[in-house]
Each structure stands twice: as C-alpha cells, then as structure tokens.
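Subject: Handing over the structure

Dear colleague,

I am passing this structure on to you, and I would be glad if you could look through it with the notes below at hand.

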Amino acid sequence: MQLHDIKQVSIVDYLAQAGFEAKLIKGVNYWYCSPLRSELTPSFKVNVERNQWYDFGTGDHGDIIDLVCALQHCSTAGAMRRLSALKGVRLAPSFSFGGITPLRSQAPSMELISVQAVKHPKLLLYLTERGLQPSDASPFLSEIYYKVSEKCFFALGFPNDAGGWELRNPYFKGCFAPKAISTIKGTDSHKLQLFEGFIDFLSWRKLHPEGQADSIMLNSLTLLPKLILSLRSYTLIESFLDMDEVGDRATKQLFDAGLPVKDMQACYTPYKDVNEYLVQRLQGKKMSPPARGDCVDKAESSAPRSLKANLEISRN
C-alpha cells in the first residue's frame with residue numbers, strides 16, 4: 001500500500017475495529033468520546049469527507065497516520081506498517097472541493113458473534129510467542145468471534161468491568177465496547193497490582209503464581225484519572241506500567257495523587273514491560289533476573305523515570 005492509499009484508510013472503520021463507536025452523526029461529521037483520553041461528552045470529530053480528525057479537548061488533529069501514532073504510541077513508520085496490513089477497512093475517497101457523498105449514513109459497529117474457550121491454533125501460537133501457555137490463560141481468556149462491516153474476525157478476549165472485551169491477536173489490539181478497566185479480585189484486599197493490559201498481568205502471574213493481591217488492568221492509560229479516587233482504599237499499590245514516556249507520566253500521576261505506590265519497574269528492567277521480560281527470560285537471554293524479594297526492595301526506593309491485518313476467519 002502506497003502512502004496515498006494508507007492516508008485514505010477510513011478513520012471511522014479503523015475506530016470501529018478498535019472498539020470506538022460514534023456517539024453522534026451530523027452530516028459528514030462523526031462525533032466520538034475521545035479515544036485518546038477520558039471524557040463523557042463527545043468532543044472528538046471525524047470528518048469522513050476529508051478523512052481527518054480533530055480532538056477539541058486537546059487541539060490535536062491529523063490524518064489516520066497521526067491517529068494510529070497517538071493510539072498505539074508508535075512512530076510514523078510503525079503506524080504505516082500497521083495500516084498497510086489492515087483488512088476489513090475501506091479506503092476513503094480522495095477529498096474534492098466539489099464535495100462527495102458521505103461514506104455511509106451511520107457509523108460501522110462491531111457485532112459479537114460468539115464467546116468460547118481458546119482453541120484456535122493461531123491464537124494458541126500467539127500465546128506461546130508471548131511466553132504463555134493455555135493453562136496460564138484459560139481462567140481469564142476467551143476466544144471471541146465478532147463482525148465488522150460484514151466481515152468476521154476472531155481474537156483473544158479479556159473481559160472488562162463494563163461488560164466489554166479487550167481484544168488481542170498477532171495483528172490487532174482493540175476493544176469490543178464499552179471500554180473499561182478490568183478487575184481481578186485476590187485474597188488480599190489491601191494490596192493492589194496495577195497493569196496497563198492483561199498480557200502483562202498474565203505474565204506476572206506466570207512468574208509469581210503465589211500472588212494474592214487484587215489486580216487492575218487499565219486497558220487504556222486514559223482511564224487512569226477517573227480511577228485514582230477509588231484506589232485510596234488500598235494500603236499498597238504496586239505499579240507495573242511500561243518503561244516509556246507515557247508509562248512514566250502515568251506513574252507520576254499516581255505519586256502526585258499521594259497514593260501508596262511502589263514503582264515495580266526494577267522487576268523487569270531493562271525491558272519495556274513485564275511480558276517482554278518474560279519472553280526474554282524464557283528464551284534464555286543473558287540477564288540477572290532479580291528475585292521477587294530483591295526486585296520489591298529495589299522498587300520501594302525507585303521513583304518514576306523523568307492492524308498486518310486483524311485475523312480474518314478463513315474458510316479453510
């Protein structure tokens with residue numbers, strides 16, 4: 001796919017695959033609650049005629065490439081690779097000052113087809129590549145089949161607290177709306193372990209199956225601000241956020257809120273997240289993995305540092 005074609009990938013279709021649906025449609029303008037932050041009143045506009053977006057809450061705007069960079073925290077080259085491999089989305093017609101017919105009268109939506117035990121070979125292979133076995137995932141994950149724009153797809157699904165599903169397969173990271181955090185209750189209600197997503201949660205549980213704390217998967221860092229107040233009931237919060245600029249800002253939010261936080265990045269240094277640490281450890285990379293007690297001790301004194309396409313169902 002050439003650059004011109006990549007820029008014509010429909011933003012509306014892309015957002016639908018990622019689990020975001022328009023709250024209001026007025027002519028060629030589709031209004032969303034911003035996928036980049038937490039809000040209740042839609043202020044994120046997509047003009048389907050121009051295939052451009054504008055977030056009135058932040059002033060950010062751009063084309064589909066800019067949006068993928070913001071959503072996936074990736075480079076322009078990374079966004080182009082993701083978009084080049086997408087399936088199930090249309091190319092928006094090139095903009096003309098003479099005007100065009102809007103792409104469709106209503107926003108595309110995702111339709112849930114079925115929820116079943118994880119058994120598809122491609123999904124099992126994906127788990128293996130992430131250092132996880134079916135036994136690690138079976139208590140928490142399901143195999144989700146869903147439809148977008150009359151095309152059917154499947155992915156691993158992790159339930160969230162609002163009845164939606166966080167979706168993952170080798171080429172796609174999204175959500176079956178509504179978007180929300182995921183909570184797993186443990187036997188120690190005074191302690192919380194906080195993760196960005198369920199892959200890191202499963203990875204840490206594989207490394208430390210003895211854990212008894214409650215666990216929360218944010219599923220999007222934009223959900224953190226409205227969660228902070230509810231975290232005050234915990235006497236200890238272990239933070240397992242990514243070792244990148246975005247993760248550092250979120251960790252700082254926790255500290256600034258005066259919460260009893262331990263930054264646990266020392267447990268998976270020098271890797272970006274818990275899952276990358278797990279994969280490298282299983283591959284026998286040279287490292288000196290700290291013991292559970294050691295990494296906790298280090299974490300206590302640490303401060304935060306300053307779609308290839310969605311899997312489409314094959315007939316074969």
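What follows is an account of what was found in it, going from the whole chain to single strands and helices.

Please keep in mind from the start that this is a predicted model. The protein has 316 residues, of which buried residues make up 51%, and its secondary structure comes to eleven helices and 15 strands. The area that the protein exposes is about 15,100 Å², and carbon and sulfur atoms supply 51% of that area.

Turning to the interior, the largest nonpolar core has 29 residues, and within it Leu-141, Phe-158, Phe-201 and Leu-202 have the most contacts. Two or more residues each are given to this core by helix H5 (121-129), strand S8 (151-159), helix H7 (198-207) and helix H10 (274-282), with H7 giving the most, namely six residues. If the neighbours within four places in sequence are left aside, Leu-202 is in contact with Leu-132, Asp-136, Ala-137, Phe-140 and Leu-141. Another core lies apart from this one; it has 26 residues, including Phe-20, Cys-69, Leu-83 and Leu-86.

Helix H5 deserves a separate look. Its residues Leu-123, Tyr-126 and Leu-127 are buried, and because they cover an arc of only 100° around the axis, they lie on the same side of H5. The cover over the buried residues of H5 includes helix H6 (134-137), strand S7 (142-148), S8 and S9. After H5 comes Gly-131, which has a positive phi, near 80°.

Strand S7, which is part of that cover, has six of its seven residues buried, so it is largely enclosed by the rest of the structure. Strand S6 (residues 110-116) is joined to S7 by six bridges, and the two run antiparallel; in this pairing Ser-114 stands opposite Tyr-145 of S7. S7 also pairs with S8 in the antiparallel sense, over seven bridges, and here Glu-143 has Leu-156 in S8 as its bridge partner. Between S7 and S8, which form a hairpin, there are two residues, and Ser-149 in the turn has a positive phi of about 50°.

A second hairpin to look at is formed by S9 and S10, again with two residues between the strands. Strand S9 (residues 165-169) pairs with S10 in the antiparallel sense over five bridges, and Glu-166 stands opposite Cys-175 in S10. Strand S10 (residues 172-176) is itself mostly covered, as four of its five residues are buried.

Earlier in the chain, five strands form an open sheet with antiparallel pairing, in the order S1-S2-S3-S4-S5. At its edges are strand S1 (24-26) and strand S5 (61-62), each of which pairs on one side only. Within this sheet, strand S3 (residues 44-47) and strand S4 (residues 52-55) pair in the antiparallel sense over four bridges, and Trp-53 in S4 is the bridge partner of Val-46.

If you have time for one part only, I would suggest opening the region around H5, S7 and S8, where the buried residues of H5 have S7 and S8 among the elements that cover them.

With best wishes

Conventions
Residues are numbered from 1 along each chain as its sequence is written. This is a predicted model: local features need pLDDT of at least 70, side-chain atom pairs count only at pLDDT 80 or more; totals for chains, interfaces and linings use all residues. Side-chain values use heavy atoms; hydrogens and water are left out. Buried means under 20% relative accessible area, exposed over 50%, partly exposed in between (1.4 Å probe, protein chains only). Accessible areas come from the Shrake-Rupley method with a 1.4 Å probe; for residues, only the protein chains shown count as cover. A nonpolar core is a set of buried Ala, Val, Leu, Ile, Met, Phe, Trp, Tyr and Cys residues joined through side-chain atoms within 4.5 Å. Contact means heavy atoms within 4.5 Å. Two strands pair if DSSP finds at least two bridges between them. The arc is that of the directions from the helix axis to the C-beta atoms.
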